[in-house]
Amino acid sequence: MKTAFCSLLGAAAILAAGATTTLANDRYADMPPVMVSPDLSAPWVLQLGHAPGIVRPTRQATQQPLRRLFQAQPDQQRTAAVQQPAKRMVMRPQIDPIYLPQEVAYDGPQKPGTIVIDTHQNFLFLIEKNGKARRYGVGTGKPGFEWSGTHKITNKREWPDWRPPAEMIKREAAKGRYLPTYLAGGIENPLGARALYLGTTEYRIHGTNQPWTIGGSVSSGCIRMRNEDVVDLYERVNVGTTVEVIS
């Protein structure tokens, strides 16, 4: 009797241990999905994340297309076109071709090598041999600044500095235009690329940064030439050359 009772207790212990092991293993087993009836649509059902008929993509799946959207491929990058600011175009009058350098016939009494300036027609003549002259267009003195006379070239300068006379500074200031007392040579200098100084006067034959004024009465008495023309004349004459201005 005692032996049979012990056998029963042993069998019960073995069954209990097996059941405990099975329950413990079931904790880590895959649970069957929770099935929700399709006719349920209460808000608490939607909060489960698996509402009937709705398939929600995983977080990783939703982020991946966004990365591809904002991550442009190197060969597909596009930069918005930036329009360059339009350059301001200032239309200047074109010089009359009659004032461009040219060889002409000349029958005046001056000797070859002499410079003759006709302030009425706004021409400068470099007298040559055989009844010829090289003619250039010039700008001359505006009304009230005309003059005439004969002088020698006393100096030659390349890209000359400019020191406007005190009288000119005062005169222009009265018009509201204030001149510097000194301006170094360069493209902004109104004397231009070359200057030929006439005697002891303040007059010069010089270039200009306003070539469209050639052919007019525009200066304060100086003889104005295009830069390329004054460079050409500069190379053809020397200090001591006679300059005759006819008004």
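## Strand 8 and His206

In this predicted model, H206 is found in strand 8, which covers residues 204-206. With a relative accessible area of 6%, H206 is buried, because the cut-off for that class is under 20%. Neighbours within four places in sequence left aside, H206 is in contact with P190, L191, R194 and A195, with C222, I223, R224 and M225, and with V230.

## The annotated pair H206 and C222

An unreviewed UniProt entry lists H206 and C222 under "active site". The two residues span 17 residues in sequence, yet their C-alpha atoms are no more than 7.5 Å apart, so they gather at one spot. The lining of the largest pocket includes both H206 and C222.

C222 is placed in the loop between strand 9 (217-219) and strand 10 (223-224). Its relative accessibility is 11%, so C222 also counts as buried. Apart from neighbours within four places in sequence, C222 is in contact with G139, T140 and G141, and with E202, Y203, R204 and H206. The contact with H206 thus appears in the list of C222, just as C222 appears in the list of H206.

## Strand 2 and its two partners

In a regular strand the side chains alternate between the two faces of the sheet. Strand 2 (residues 115-118) is covered on both faces: I115 and I117 are buried on one side, and V116 and D118 are buried on the other.

Strand 2 pairs with strand 3 (residues 123-127) in the antiparallel sense, over four bridges. Within this pairing, I117 has L124 as its bridge partner. The two strands form a hairpin with four residues between them, and N122 in the turn has a positive phi of about 60°.

Strand 2 also pairs with strand 11 (residues 242-246), here in the parallel sense and again over four bridges. The bridge partner of V116 in strand 11 is E244, while I117 stands opposite V245.

## Strand 11 and strand 6

Strand 11 has one covered face, formed by V243 and V245, and one uncovered face, formed by T242, E244 and I246. Besides its parallel pairing with strand 2, strand 11 pairs with strand 6 (residues 149-158) in the antiparallel sense over four bridges. In that pairing, the bridge partner of K152 is T242, a residue of the uncovered face of strand 11.

## Aromatic pairs and cluster

The count of aromatic pairs comes to four. One of them joins Y99 and F123 in a tilted arrangement, with 5.5 Å centre to centre and 40° between the planes. Y99 lies in the loop between helix 3 (59-70) and strand 1 (102-105), whereas F123 lies in strand 3, so the pair ties together parts that are 24 residues apart in sequence. Both Y99 and F123 are buried.

F123 also pairs with F125, edge-to-face, at 6.2 Å centre to centre and 65° between the planes. F125 is buried, as is F123. Y99, Y106, F123 and F125 form one aromatic cluster.

## Charges over rings

R135 lies over the face of F123, at 4.1 Å from the ring centre. F123 therefore has a charge over its ring, because the CZ atom of an Arg within 6 Å of the centre and within 35 degrees of the ring normal is counted in this way. A further case involves K156, whose charged end sits over the ring of Y234 at 4.2 Å from its centre.

Definitions and conventions:
Residues numbered from 1 in each chain as written. Predicted model: local features only at pLDDT ≥ 70, side-chain atom pairs only at ≥ 80, totals over all residues. Heavy atoms only, no water. UniProt positions renumbered as here; feature names shortened; annotations may be inferred. 1 Å grid on protein atoms, 1.4 Å probe; cavity = no way out; pocket = protein on both sides within 12 Å on 5 of 7 lines; lining within 4 Å. Buried < 20%, exposed > 50% of the residue type's maximum accessible area, 1.4 Å probe, protein only. Contact = heavy atoms within 4.5 Å. Pairing = 2+ DSSP bridges. Phe/Tyr/Trp six-rings, centres within 6.5 Å; stacked < 30°, edge-to-face > 60°.
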